[in-house]
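Here is a walk through the charged side-chain contacts of one protein. Keep the structure open and follow along.

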Amino acid sequence: MFSQASADRIDEVLTAAGFTGVTISRAQAYGSWEHGAEDAAEFLLGTGPARHLMEQADTTGRARARRTLTELLRDHEASDDTVRLLSTSWLVTAHRPVDRSDRL
C-alpha cells in the first residue's frame, strides 16, 4: 500500500516503464464521517490494512485498538458529531509513447 508513498519512487517506476513527462503533485482533501468517532473508527478498522491487522489480533487487542482509535478520533469531532480527517494523495500524470504494435 505504501510502496508509492514517495514521489521519487513513483517517478522511478513510471520512467523505468517507459513513461515520459511525469508530473507529481500533492493533493489533499478532507474526508468526513457523519456519525461520530465510534462510526469513523469502525469504518477505518474495517478496511484495507487495518482490517487485515484486526483479523490477526485477539479479542482483547481488537478492543484496545478500537478504543484507542476512537479516542484519537474524538479530537477531530465537530460540534455536529462529524469527524473530519485530512487525506493526502499524489496526483500523477505521465505520457506513454505510442507503440505501433498497440494499434494492431
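Start with a cluster. E38, E71, R74 and E77 are linked in a network of salt bridges. Bear in mind that the model is predicted.

Take R74 and E38 from that network. They form a salt bridge, and their closest N and O atoms are 2.4 Å apart. This pair links distant parts of the chain. R74 sits in helix α4, residues 59-74, while E38 sits in helix α2, residues 36-45. The two are 36 residues apart.

How exposed are the partners? R74 has a relative accessible area of 31%, so it counts as partly exposed, between the 20% and 50% cut-offs. E38 is also partly exposed, at 44%.

R74 has another partner, E71. Their side chains meet in a salt bridge at 3.2 Å, N to O. This contact stays within one element: both residues lie in helix α4. They are three residues apart, about one turn of the helix. E71 is partly exposed, with a relative accessible area of 45%.

Now move to helix α3, residues 48-56. Here R51 and E55 form a salt bridge, 3.9 Å from N to O. The cut-off is 4 Å, so the pair counts. R51 and E55 are four residues apart, about one turn of the helix. Which of these two is exposed, and which partly exposed? E55 is exposed, at 57% relative accessibility. R51 is partly exposed, at 42%.

Finally, the total. A search of the whole structure finds six salt bridges, among them R74 with E38, E71 with R74, and R51 with E55.

Definitions and conventions
Residues numbered from 1 in each chain as written. Predicted model: local features only at pLDDT ≥ 70, side-chain atom pairs only at ≥ 80, totals over all residues. Heavy atoms only, no water. Buried < 20%, exposed > 50% of the residue type's maximum accessible area, 1.4 Å probe, protein only.
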